[in-house]
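Here's a walk through a single-chain model, one topic at a time. Have the structure open and follow along.

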Amino acid sequence: MSDIHVSQTGLVLILIPHNFNIGPNQLARSLPGTDRRQIWWIHHRHISEEKIQQAITGIIDSYNRFSLPKVWGSGKQASVDGTKWDMYEQNLLAEYHIRYGGYGGIGYYHISDTYIALFSHFIPCGVWEAVYILDGLLKNTSEIQPDTIHGDTQSQSCTVFALAFLLGITLMPRIRGWQSLAFYRPSRGTRYKHLDSLFTEVTDWDLIETHLPDMLRVALSIKDGKVQASTLLRKLGTNSRKNKLFQAFHELGGVLRTIFLLQYINDPQMQETIHAETNKCEAFNRFIKWLAFGGENQVLSSNNRAELRKRIKYNHLVANCLIFYNVSEMSRILNEEAQNGRTYDAEVLALLSPYWMDHLNRFGLFFLDQQRNPPPINFDIPIALKEQEAEPMLV
């Protein structure tokens, strides 16, 4: 077995089988000088989810030094979305996804408005995705620190609005079917001209005032890292008469969501911004799935939750590396254009995207030697075939 030390080469080497989903055995057969046992050892003994996230953070901070991403966004906004990864049905972690169909899990990603992916999770299909919407921002240690988060329809929950507000995060989800959502009026006697039919609920200010100290203590606990936001949102996901804390969060969130909905309806520019940011997340989902082309139909075969989380992180890291490379090349080309006297408006550069794939060769680069003759084929080569005994003839 050849000697491969845990160097930068060794660490980069394990990205190949775990991002492209081909496994260490296939890599060892394809890359002379490597051994599947060495790849396995590095992956299990030297690489953790935290170390992969540290590498991702390093890429993000270096990416943030370019000027081009600042044309796309300020870094103060982020969007979240999940994409389904297929898994075998005979898997303890696989669940059937009603919307996408088939068994699998969800890769859940936080994408900056500058297009770089900040954080990633692996969650089951049956879980309510919105409970993880705040974790990525709170665990993000990069230089890009968003304070506004955009999500899909699942993010319009009142409890998520309330907790985000107490954590100092502005929640601006993409709303589909806002007409079916409850609008809260401040008191029963309050009436609004032309809009009164929208308001179907009345805010219970006494309940909010009574439990506000408890809600603030919860927010401080999350800020200190003593409890995760997703853990709390799962606890608050059950509406019960005994669960007064849930009711208080729901009432506060109802007020905040009502204010947001009124702004959302009245401001077409806000609607365009939210849709543009969430579209970046959907484009990233296509980009990251395009990178994991190996394996059998992109199926994650592991039955270990920690292993699956590392697979998602590996894929996330490779995606960020290619985004970094694309921006580097785009910046170089734009610099050459500027030296030749051609410049572009910011509105034109804003139409660019680092999720460019046409110039990337996922399958490697091979050279065709037309002067090399293949060896002759021996069609009569003997094979180890056991002779069968003749069957007795029937008389």
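## Salt bridges

Glu 337 is buried, with a relative accessible area of 19%; the cut-off for that label is under 20%. Its side chain meets the side chain of Arg 342 in a salt bridge, at 2.9 Å from N to O. Arg 342, for its part, counts as partly exposed because its relative accessibility is 41%. Elsewhere, salt bridges with shared partners tie Arg 185, Arg 191 and Asp 196 into one network. Keep in mind that this is a predicted model. The count of salt bridges comes to 9.

Two other pairs each sit within a single helix. Arg 217 and Asp 214 form a salt bridge at 2.3 Å, N to O, and both belong to helix α9 (residues 205–223), where they are 3 residues apart, or about one turn of the helix. Asp 214 is partly exposed, at 29% relative accessible area. In helix α13, Arg 332 and Glu 336 are 4 residues apart, again about one turn, and the closest N and O atoms of their salt bridge are 2.9 Å apart. Arg 332 is partly exposed at 38%, and Glu 336 also counts as partly exposed, at 38%.

## The chain as a whole

Stepping back, the protein chain holds 14 helices and 8 strands. Of its 395 residues, 45% count as buried. The chain exposes about 22,800 Å², and carbon and sulfur atoms supply 53% of that area.

What share of the contacts between residues at least 6 apart in sequence joins residues at least 24 apart? The figure is 69%.

## The nonpolar core

The largest nonpolar core has 85 residues, and Leu 163, Phe 260 and Phe 284 are the ones with the most contacts inside it. Helix α13 provides the largest share of this core, with 9 residues.

Phe 260 is a handy place to start looking around. Setting aside neighbours within four places in sequence, Phe 260 is in contact with Phe 161, Leu 171, Met 172, Pro 173 and Ile 175, and also with Met 270 and Ile 274.

## Helix α5

Helix α5 covers residues 49–63, which makes 15 residues. From first C-alpha to last, α5 reaches 21 Å, close to the 21 Å expected at 1.5 Å a residue.

Which residues of α5 are buried? They are Ile 52, Gln 53, Ile 56, Thr 57, Ile 59, Ile 60, Asp 61 and Tyr 63. The list has isoleucines in it, but Gln 53, Thr 57 and Asp 61 are there too. As for what they pack against, the buried residues of α5 meet α6 (69–72), β4 (117–124) and α13 (305–339).

## A buried glutamate

Glu 277 is worth a click. You'll find Glu 277 in helix α12 (residues 268–291). Is Glu 277 buried or exposed? Glu 277 counts as buried because its relative accessibility is 7%, and the cut-off is under 20%. Not counting residues up to four places away in sequence, Glu 277 touches Gln 77, Ser 79, Asp 113 and His 150.

## Positive phi angles

Two residues other than glycine have a positive phi: Tyr 115, with a value near 85°, and His 194, with a value near 75°. Tyr 115 is placed in the loop between β3 (103–112) and β4, while His 194 lies in the loop between β7 and β8.

Their surroundings are worth comparing. Tyr 115 is buried, with a relative accessible area of 11%, whereas His 194 counts as exposed, at 72% relative accessibility.

## A nonpolar patch on the surface

Right after His 194 in the numbering comes Leu 195, which lies in the loop between β7 (183–185) and β8 (199–202). Leu 195 counts as partly exposed because its relative accessibility is 40%.

Which residues form a nonpolar patch on the surface with Leu 195? The partners are Tyr 192 and Leu 262, and the three together have about 230 Å² of accessible area.

How values were computed. Residues are numbered from 1 along each chain as its sequence is written. This is a predicted model: local features need pLDDT of at least 70, side-chain atom pairs count only at pLDDT 80 or more; totals for chains, interfaces and linings use all residues. Side-chain values use heavy atoms; hydrogens and water are left out. Patches are made of residues with over 30% relative accessible area and no salt bridge: like charges are joined within 9 Å, nonpolar side chains (Val, Leu, Ile, Met, Phe, Trp, Tyr) within 5 Å. Accessible areas come from the Shrake-Rupley method with a 1.4 Å probe; for residues, only the protein chains shown count as cover. A salt bridge is a side-chain nitrogen of Lys or Arg within 4 Å of a carboxyl oxygen of Asp or Glu. Buried means under 20% relative accessible area, exposed over 50%, partly exposed in between (1.4 Å probe, protein chains only). The expected span of a helix is 1.5 Å times one less than its number of residues. Contact means heavy atoms within 4.5 Å. A nonpolar core is a set of buried Ala, Val, Leu, Ile, Met, Phe, Trp, Tyr and Cys residues joined through side-chain atoms within 4.5 Å.
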